[in-house]
Amino acid sequence: MNNLLLRYINLMVVTITILIIISFSLGYLFPGDTLTNISGIVPQSEEQRIALEAAFKLDRSIFVQFWYYLDNLVSGDWGVSFSSQVSLIDEISIAFPATLELITYALLISIFIGIPIGFIGGIWHHKPFDFGAVTFSVVSYSFPVFWLALIFITIFCLQLGYLPLSGRVNFLYDIPHNSGFILWDILVADSPNKKDAFADALRHLILPTASIALVTTAIFIRFTRRSIMDEMQKGYIDAAKSRGFTTKQIFFKHGLRNSLLPIIPLMALQISTLMTNAMVVETIFSWPGIGNWLIQAIYQRDYPAIRIGMLVVSIFVVTFTISIEFISRAFDPARDKFERGTV
Amino acid sequence: MAQFNLYEEEFHPSPLMHIWLEFKRSHFALIGFAILLLFCAIAILAPLLAPYDPNIQNTNAILLPPAWEANGSIAHIFGTDTLGRDVFSRTLYGCQVTFGSSVLLVLIASTIGVALGTLAGMKKGIKSSVLNHLLDSLMAIPTLLVAIIIVAILGTGLWNSMWAIILVLIPQFVHQTRSFVREEMKKDYILLDKLDGASSPRIFWSSILPGMFELLAVQSTLALSVAIIDISALGFLNLGAQSPVVELGASLSQSLEVAYSAPWLVALPGFFIFLMVLSINIVGEGLRTALRNRLIH
Amino acid sequence: MNLKNQSSTIKSIILLSFSLILMSACSKQKTQITQAGITFCSEGSPASFNPQLDTSSTTADASSHQVYDRLLEFNTENGEIEPGLASSWLVSNDSLTYTFQLRKGVSFHDTSYFTPTRNFNADDVVFSIDRWRVNSHPYHDISGGSYPYFQSLGLKSTIKNVDRINGYRVEISLYKPDSSFLANLATDFSVILSAEYAINLLEKGSPSNLDVLPIGTGPYKFVSYRKDQFIRYQRHHDYFLNTTGPENLVFDITPKSSLRVAKLITGECDAVAFPSQNDLEIIREREDLTLLEKPGLNVGFWAFNTSKPPFDNPKVRRALALAIDKTSLLETVYLGQATRAKSLVPSASWAHQSNMQDIGYNPVIARKLLDEAGISSGFTMNIWAMPVQRAYNPNAMKMAQLMSTYLAEVGVTVNIVSYDWTRFRENLTAGMHDSVLIGWSADNGDPDNFYRPLLTCAAIPSGTNRARWCNPEYDDLIESALKTEDSNARRIFYHRANQIIFREIPLVPIAHAFQYQAVNNQIEGITINPFGGIRFDDVVRKQ
């Protein structure tokens with residue numbers, strides 16, 4: 001166990017180091033003036049340029065620069081955005097939770113809808129329900145997420161007028177930034193019209209979450225269904241059947257755990273798909289998340305923002321997947337190898 | 001990609017035939033396959049099929065509705081866009097670019113991935129394990145993020161967005177190949193080859209690779225559907241193909257400004273991307289079912 | 001807790017959240033807070049909250065009429081000059097001295113970042129003008145030190161002195177008569193800042209906050225701002241005029257015009273700036289929306305960077321102008337909602353010249369001229385297309401695409417360039433373009449407001465002269481036109497200037513467009529202000 005933990009910590013450290021090195025070198029790879037790309041400031045005069053170069057250690061060796069970069073990363077001094085001149089750590093600490101909120105809800109929806117459907121389909125496979133589940137899953141897996149979001153907008157916002165199409169909450173509600181999760185922030189906010197704001201925020205959440213959740217739900221249905229089908233074909237199920245257990249008994253005693261455990265890490269890996277889809281959906285629904293922020297940054301060639309944003313998102317994704325991998329291995333010693341998804 | 005493999009029959013006629021027979025049993029799979037073939041035809045023949053140059057602007061015929069609407073014209077089956085360009089031709093060319101570039105990038109990614117995976121699989125030891133784990137962790141980084149970084153360094157363009165997707169797809173091929181090669185290396189027929197004195201490359205080419213085609217076909221359909229969605233998403237976000245290259249995702253986002261007055265301009269490209277991906281997924285699904293059934297029967 | 005209990009808790013949570021979602025989805029009616037506020041969907045992020053620093057109407061919209069007041073105001077109906085912070089004014093007989101009597105009891109905003117201790121007085125006027133006028137002023141170089149509007153009009157060399165006579169009286173003396181001087185003081189850019197706040201910030205060591213966290217006397221206090229997202233304002237309860245504006249005002253920054261209209265339809269915006277030409281019909285058809293329209297005092301044009309060869313050659317410029325079919329641009333980009341521009345000023349202005357010649361469409365002559373100028377086929381140039389929509393050019397990108405096909409016919413290859421708005425203008429001012437599609441909306445009704453900032457030499461460094469064209473003959477004409485009050489005499493000067501523009505073609509005028517604004521029917525009191533930014537002082541939501 002300790003050995004396992006050590007190995008995973010080691011993996012995590014190595015990966016994060018590589019990511020930091022990549023993000024460090026990006027400052028030199030981006031086109032244009034390296035000083036501006038790193039500092040986010042266009043020097044107005046030669047003196048200012050020299051002063052900035054000294055401040056960012058650009059006149060020193062590359063190792064000093066790297067050390068300085070690391071030091072700044074750790075101490076939270078991430079520089080300023082080129083386009084807004086606002087501190088990057090402030091911008092990210094607002095934008096990133098917004099994305100986290102979106103993908104958390106989408107993930108929860110996918111789990112609560114995808115797994116039960118996959119279950120039923122897997123147990124009674126080749127029955128009408130299973131056929132429906134597979135069809136649903138193949139069709140929804142084929143939707144380009146941006147098109148889906150636009151269809152949702154056309155139907156629910158423009159035709160029916162039920163739901164709003166942009167942002168997290170009506171801007172007239174001034175919700176103080178607290179945890180960054182809007183629903184939570186509204187609940188803890190000291191405001192008389194909490195209830196209205198909460199309902200408003202929920203209505204804003206529905207469409208973006210649904211757009212992202214659909215694809216993930218489709219994937220979860222397939223994972224669960226496949227896993228159950230494989231499990232039910234195994235010898236021990238037959239053995240139990242021959243001893244007179246009902247399918248239901250067998251399933252809830254053995255099948256459930258055995259078929260769910262191996263797919264948990266596969267589901268965790270979907271964080272990458274979720275993240276990509278969230279980034280696209282955010283731009284469509286003007287959701288003020290990290291994806292929208294990064295895409296605006298690339299439109300405006302805001303290199304300091306891209307550099308740090310990329311580092312934050314990738315470290316989050318990598319840490320998340322490695323942790324899930326570790327947990328699932330720790331709890332499922334039967335598996336000696338971590339397998340990647342064949343859908 | 002599946003259909004190309006099907007014609008390699010002369011080497012292994014019976015198993016492939018078997019897959020085809022199984023595959024044929026599902027009507028859905030066949031329909032999907034037919035649509036996929038249609039897209040292949042469009043991708044190759046777009047310049048011949050398209051009635052107009054996709055970039056020719058006709059300011060006398062702006063925003064014509066499609067032919068099936070009351071005031072549509074048969075001269076422009078899908079109508080025209082805000083600059084009077086023929087949408088039907090643009091859709092054909094768009095399919096060519098979106099589908100063609102996706103096929104191309106899957107080919108590149110699979111070649112590189114298989115090569116790396118084979119190396120990792122045939123060599124043992126700590127190096128391969130570390131590399132493998134690292135690759136796995138980096139594989140979790142979202143495509144869009146990689147694309148943003150590549151676009152930031154190299155600028156926007158179809159090729160740059162393709163590189164981003166290739167980079168993301170490679171680890172999947174590496175992983176699949178590596179596990180497969182590992183498993184096969186343990187088997188007796190490889191041992192036999194070894195005892196016969198076959199070199200590693202020879203073992204790979206004549207023993208492992210032929211057996212890997214099925215795995216590759218399945219993995220490629222998966223990768224292809226991901227590639228199409230990603231390339232059109234990058235086009236949609238204006239990070240991919242740039243005018244005058246006609247790409248479905250990019251056309252869709254350009255049409256957003258007229259989403260009310262000309263909804264078909266948004267609906268059509270999106271529908272074609274959807275259909276493309278759907279047909280690939282159906283074929284992939286059919287292929288996997290066929291493979292599984294072949295093993296059972 | 002046993003298992004059964006737990007699952008029932010989970011069940012009830014799921015049920016609860018579903019019912020909440022359903023409930024919320026159905027409750028479309030406005031709640032208290034949305035009832036008391038107004039959301040305006042604007043087209044871009046302001047560069048700062050001080051319109052002195054910028055000529056972009058995005059910046060002016062966000063601050064000029066919300067946060068600030070001016071000494072004088074334009075009547076939005078007829079363009080006449082009315083009292084603002086100055087209750088009355090006197091002009092000396094030689095037109096060189098202007099005396100302003102200031103309003104008393106006008107309070108500055110009391111906000112979380114500044115509490116004023118005194119009301120508005122003469123010091124604030126002196127500070128606001130001297131900031132851009134006097135190079136040695138402690139605030140002159142804060143926030144870049146560039147005041148494009150005033151620089152392009154050469155006002156620095158017009159004003160001799162600004163004197164505080166007493167607490168509520170200010171005297172401004174000029175070097176030379178300037179018939180548009182009062183009008184300039186009434187434009188969006190001539191806002192009055194708080195001198196007390198400025199001193200306070202200087203002591204704190206953060207002077208640049210003056211333009212970021214604004215303090216003014218206007219009808220709305222600034223609350224918060226996030227780039228590309230929103231600007232929040234709150235009503236200024238002690239505003240010196242009796243206004244009926246809402247308690248809260250939000251600018252929802254939505255750069256895409258189609259998205260703005262979509263938000264208007266869903267009710268997320270109460271009013272939108274620059275609805276897209278394509279959506280006008282839809283807005284007209286809908287019963288819950290109103291489309292306001294007015295002929296605009298604007299001009300959209302295609303300017304060549306005359307400081308860059310081969311665009312310094314009038315022959316090349318004429319050839320390129322001849323290669324473009326303006327008629328099709330008008331139909332495709334403006335969808336007919338604009339009049340063809342032949343010179344700088346539209347027919348709404350008294351200086352308009354109706355018998356002006358126009359450059360036609362003739363690709364054959366264009367090619368011939370290019371050959372004469374030694375430009376071979378395959379020549380590549382760039383067209384910069386501005387990334388924001390304006391009345392004078394609702395879709396520069398589309399226009400550039402159209403133009404590129406026309407230019408391709410005469411053998412010129414076009415690269416279309418675009419950046420975000422702030423960067424776009426910075427790079428334009430630096431002269432990095434070959435040609436640019438942009439335009440100008442008048443800030444006041446005076447024709448000088450077109451001729452001077454767009455094409456005089458003084459307007460090159462300030463960045464409003466996008467053609468970077470400097471012609472002493474033209475400058476003389478514009479200068480002479482300003483020295484006389486007689487509008488007939490002025491008209492003749494301007495017509496002569498038109499001839500020079502026609503001969504030299506530093507820019508190709510394309511269109512004078514209608515101005516549009518779309519509002520929800522529940523909102524009353526929004527009007528199109530032809531002389532500058534949008535105003536919300538008297539806007540109300542019907543119950």
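Student: Which residues of helix α7 (residues 195-204) of chain C are buried?

Tutor: A residue is buried if 20 or more other C-beta atoms lie within 10 Å of its own, exposed if 12 or fewer do, and partly exposed in between, the C-beta atoms being placed from the backbone. In α7(C), this applies to C:Ala195, C:Glu196, C:Tyr197, C:Ala198, C:Asn200 and C:Leu201. This is a predicted model, in which local features need a pLDDT (the predictor's confidence in each residue, from 0 to 100) of at least 70 and side-chain atom pairs count only at 80 or more, while totals for chains, interfaces and linings use all residues. Residues are numbered from 1 along each chain as its sequence is written, with chains lettered from A and ligands numbered from 1 in written order.

Student: Against what do the buried residues of α7(C) pack?

Tutor: Helices are DSSP runs of H or I with at least four residues, and strands are runs of E with at least two, numbered from the N terminus. The buried residues of α7(C) pack against α4 (122-133) of chain C, and just after α7(C) the residue C:Gly205 takes a positive phi of about 80 degrees.

Student: Why does C:Leu428 count as buried, and where does it lie?

Tutor: C:Leu428 counts as buried because it has 21 C-beta neighbours inside 10 Å, and its place is in helix α14 (residues 421-429) of chain C. Contact requires C-beta atoms, placed from the backbone, within 7 Å; leaving aside neighbours within four places in sequence, C:Leu428 is in contact with C:Trp384, C:His433, C:Val436, C:Gly463 and C:Arg466.

Student: How many residues does each chain bring to the contact between chains A and B?

Tutor: Chain A gives 37 residues and chain B gives 33 residues. On the side of chain A that touches chain B, at least two residues come from each of α1 (2-29), α6 (128-141), α7 (145-159), α13 (271-284), α14 (290-299) and α15 (303-331), and α15(A) supplies the largest share, 9 residues. Counting Ala, Val, Leu, Ile, Met, Phe, Trp, Tyr, Cys and Pro as nonpolar, Asp, Glu, Lys and Arg as charged, and the others, Gly among them, as polar, this side of chain A divides into 29 nonpolar, 7 polar and 1 charged.

Student: What is the pLDDT of chain A on average, and where is it below 50?

Tutor: Chain A averages a pLDDT of 87, and 97% of the residues score at least 70. Over residues 337-343 of chain A the pLDDT is below 50, although beyond near neighbours in sequence this stretch has 9 contacts in the model.

Terms used
Two residues are in contact if their C-beta atoms, placed from the backbone, lie within 7 Å.
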